[in-house]
Amino acid sequence: MSRPPLFQRATVTRIVKESSDARTFVLAPHDGPFSYRAGQFCTFRVDVDGTELFRSYSMSSAPETDGELMTTVKRVPGGKVSNWLHDNVAEGDAVELTRPAGTFCLRPTSAPLLGFSGGSGITPILSLAKSALATTDRHVRLLCADRDHASVMFDAVLNELTERYPDRFSFVRHLDDRGGFLDAAAVRHFVGAEGEADSYLCGPEPFMALVESALPGPGRIFSERFGAVAPTVPSADAPDSEVEGTVSIVLGRKKVSVPRKANETLLESARRAGLTPPFSCESGNCATCIATVTEGSATMRVNDALSDDEVAEGYVLTCQAVPDTGSIKVRYE
Ligand SMILES: Cc1cc2nc3c(=O)[nH]c(=O)nc-3n(C[C@H](O)[C@H](O)[C@H](O)COP(=O)(O)OP(=O)(O)OC[C@H]3O[C@@H](n4cnc5c(N)ncnc54)[C@H](O)[C@@H]3O)c2cc1C
Ligand code: FES
């Protein structure tokens with residue numbers, strides 16, 4: 001089972017100002033172009049004041065329409081990495097990032113596509129829209145919610161798409177400073193008679209919850225969550241008593257084993273064993289915590305980052321993977 005190193009270096013060839021607080025970083029990976037699917041993301045590894053931090057950023061480019069790989073980062077007030085990237089990375093600098101991952105992707109269908117974006121959630125939605133328009137005959141409509149006019153991103157690109165695909169593409173904007181937050185009636189009005197469409201949602205948690213509950217159905221809903229750091233494990237399932245078997249973990253040059261505990265994820269076992277493996281979202285979204293199961297098996301509670309092929313090859317998200325039975329061996333890259 002061989003796979004390129006998890007983190008690769010890429011040069012930031014251009015930085016594009018998208019709005020008052022969002023920048024696109026155009027990237028040239030040193031080991032050649034990344035292959036990716038519209039809607040996927042890369043996880044950046046940065047050193048902020050001596051602390052290694054990991055954050056995921058979706059591609060705003062689409063492989064079928066853009067010759068360059070682009071990620072778009074919006075400043076989060078008080079946020080460590082988004083502000084660090086804005087303030088410290090200049091054109092010509094190198095950054096470290098994973099190859100693309102994620103399952104927020106198009107499925108083969110002719111169903112209309114509705115995209116719902118809140119703030120920086122437009123990033124993967126734009127990628128999906130470009131890809132769907134370029135590779136299918138699907139009709140695509142976007143509802144883009146932003147705080148105010150200064151926060152709006154990708155206006156020029158969206159207008160170009162409207163001109164290029166007048167019969168298949170349109171978008172509407174919702175600005176909070178004009179009409180308050182988006183509400184359920186506005187979502188249903190936007191959906192209209194296209195309840196059977198595939199709906200792609202990405203934005204702040206309250207925005208996602210509102211749209212998910214307002215969608216009339218019966219179409220499929222695809223959600224990408226940027227911020228979920230909340231534990232996905234109900235407290236009743238918290239790690240508890242020791243059970244038969246051991247968890248053996250290899251991380252770099254360190255090799256440790258601990259007795260298994262019921263309901264404990266592999267990431268939790270690694271930390272209990274004194275290791276500090278990489279992680280970011282702890283919600284099954286970003287793949288920063290990826291490792292290979294070399295012996296035994298584990299089941300992931302949530303997997304919104306690995307493809308079926310990767311799972312079949314033995315990769316797991318250690319923040320979500322709980323050993324099935326007996327002993328298990330795991331190797332971080
Ligand atoms: C799959 C995926 C794709 C993503 N794609 C994008 C994208 O395309 N573009 C984009 O801009 N973002 C994207 N994100 C979000 C991104 O990964 C980061 O979460 C985001 O940039 C914030 O990171 P940060 O380090 O700046 O903020 P953090 O330092 O993580 O802080 C986040 C917020 O928490 C608050 N906070 C931090 N610590 C504390 C504390 N101790 N007490 C109280 N509050 C605290 C901060 O003030 C801030 O408001 C994506 C996330 C995922 C999971
Ligand atoms: S830390 Fe993000 S998927 Fe595990």
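Okay, so let's start with strands β1 and β6: residues 7–19 and residues 94–98 pair in the antiparallel sense, over 5 bridges. If you want a spot to click on, take Ala10, which stands opposite Val95 in β6. And keep in mind as we go that this is a predicted model.

Now zoom out to the sheet that this pair sits in. It's an open sheet of 6 strands with antiparallel pairing, and the order runs β4-β3-β6-β1-β2-β5. So which strands stand at the edges? Those are β4, residues 51–58, and β5, residues 69–74; each has a single partner strand, so one side of each is left without a neighbour in the sheet. From one strand to the next, the twist averages 40°.

Okay, next part. Strand β8, residues 140–146, pairs with strand β9, residues 169–175, and here the sense is parallel, over 7 bridges. Leu143 has Val172 in β9 as its bridge partner. Put helix α3 into the picture, and β8, α3 and β9 make a right-handed β-α-β unit.

That α3, residues 155–164, also meets helix α2, residues 122–135: their axes come within 12 Å and cross at roughly 20°. Angles under 35 degrees count as roughly parallel, so that's what we call α2 and α3. The crossing of the two is left-handed. Who makes the contact? From α2 you've got Leu126, Lys130 and Leu133, and from α3 it's Val157, Leu158 and Leu161. By class, the contact of α2 with α3 has 5 nonpolar residues, 1 charged and no polar ones.

Terms used. Residues numbered from 1 in each chain as written. Chains lettered and ligands numbered in written order. Predicted model: local features only at pLDDT ≥ 70, side-chain atom pairs only at ≥ 80, totals over all residues. Heavy atoms only, no water. Axes fitted to C-alpha atoms, helices over the stretch in contact; angles between N-to-C directions. Helix = DSSP H or I, 4+ residues; strand = E, 2+ residues; numbered from the N terminus. Parallel < 35°, antiparallel > 145°, perpendicular 65-115°, else oblique. Left-handed = near helix turned anticlockwise from the far one by under 90°. Contact = heavy atoms within 4.5 Å. Nonpolar A, V, L, I, M, F, W, Y, C, P; charged D, E, K, R; others polar. Pairing = 2+ DSSP bridges. Right-handed = clockwise from strand over helix to strand, strands pointing away.
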